[in-house]
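Colleague: Could you take a close look at the aromatic side chains for me, and walk me through how they are arranged?

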Amino acid sequence: MLVLLAARNGASSIERQIGTVLAQSGVAVRVLVRDDGSSDDTRDRVRAFGERDPRVALLDEHSPSGSAGANFFRLVAAADPGEADLVAFCDQDDEWFHDKLQRAAQALSRAGADGYSAATLARWPDGRERPLVQNLRARAADYLFEGAGQGCTFVATVSLFARLRAAITQAPDLLPTLHYHDWVLYALARSAGLRWVIDPWLSMVYHQHSANDTGARSSLGGVSRRIAQIRSGWYRAQVDAVTAFVLRAHPGDVQAMRWRTLRRPGLFAAWRRLGFVLCHGRRRPLDRLIQALAVVAGRL
């Protein structure tokens with residue numbers, strides 16, 4: 001299994017994280033790291049790790065990309081799965097439980113699925129912990145409005161990964177508008193009609209700190225950040241960007257075409273947009289209610 005690790009200024013934690021990846025039971029792994037122009041000694045630490053263990057490799061190219069998502073997109077474009085049958089995504093500052101990848105591989109095989117994500121155990125610096133479990137019930141268009149959990153839990157078949165590489169190659173103009181690589185991967189899979197497994201099992205420790213790109217949705221910071229994203233129009237822009245990406249890859253996607261039609265101005269379109277998000281939007285009922293309020297407020 002190939003594990004893709006996107007890093008930036010992760011010197012304080014990256015060796016611990018790589019250690020938990022290499023300690024995975026029941027699967028053979030290799031780790032490919034892309035550093036995003038770190039100002040600390042992240043690259044030196046990864047390079048030294050690779051000298052001790054040939055399963056770890058560091059990309060030579062390391063110019064700053066501008067965001068965590070862009071870092072992952074560059075890593076995906078450069079990665080060669082080789083003989084691996086699965087590709088996993090990894091952050092630099094978490095801790096994987098020893099059977100994380102084995103369970104993912106088994107779940108994918110059992111379900112005949114191409115994509116997998118799992119729950120995490122959020123841990124704060126003061127020792128507080130909270131399980132973060134996604135709603136398991138997929139809705140018809142949820143992929144246009146959200147991902148399938150934390151991207152650091154994502155595992156994809158090589159065929160789905162090949163789809164992702166092809167799609168980002170065909171849409172270089174859209175990549176700067178897309179913040180989340182994991183949301184894009186989930187949307188691409190669902191748009192193609194592929195199966196995705198959302199596992200309620202806790203797969204890893206998801207460390208919470210000020211540098212988290214998103215963080216725990218249940219934390220005060222996470223909630224306030226999401227409200228600000230809706231109010232600023234950022235969330236609407238992301239939905240539009242994901243919709244455009246999906247339609248570039250799959251021009252016949254019914255849900256994406258319908259949503260684009262409903263984004264037209266006018267009271268009637270807004271009324272239909274409201275019904276669409278209530279019936280087909282995000283997986284959690286509360287999230288769909290927030291979506292509906294965003295439509296009413298003209299923010300979605």
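**The aromatic contacts**

Modeller: Happy to! Tyr180, Trp183, Trp234 and Tyr235 come together as one aromatic cluster. Please keep in mind that this is a predicted model. Searching the whole structure gives nine aromatic pairs, and two of them are described here.

Let me begin with Phe154 and Trp196, which make an edge-to-face pair, with 5.0 Å from centre to centre and 65° between the planes. This pair links distant parts of the chain, the two residues being 42 residues apart. Phe154 belongs to the loop between β7 (129-132) and β8 (155-157), while Trp196 is in strand β9 (residues 196-207). Phe154 and Trp196 are both buried.

Back in the cluster, Trp183 and Tyr235 form a stacked pair: their centres are 6.3 Å apart and their planes differ by 20°. Since the limit for pairing is centres within 6.5 Å, and planes under 30 degrees apart count as stacked, this geometry qualifies on both counts. Trp183 sits in helix α6 (residues 181-191) and Tyr235 in helix α8 (residues 234-249), so their contact ties together parts that are 52 residues apart in sequence. Trp183 and Tyr235 are both buried too.

Aromatic rings also meet arginine side chains in this model. Arg52 lies over the face of Phe49, 4.8 Å from the ring centre. Likewise, the ring of Trp124 has the charged end of Arg128 over it, at 4.5 Å from the ring's centre.

Conventions. Residues numbered from 1 in each chain as written. Predicted model: local features only at pLDDT ≥ 70, side-chain atom pairs only at ≥ 80, totals over all residues. Heavy atoms only, no water. Phe/Tyr/Trp six-rings, centres within 6.5 Å; stacked < 30°, edge-to-face > 60°. Helix = DSSP H or I, 4+ residues; strand = E, 2+ residues; numbered from the N terminus. Buried < 20%, exposed > 50% of the residue type's maximum accessible area, 1.4 Å probe, protein only. Lys NZ or Arg CZ within 6 Å of the ring centre and 35° of its normal.
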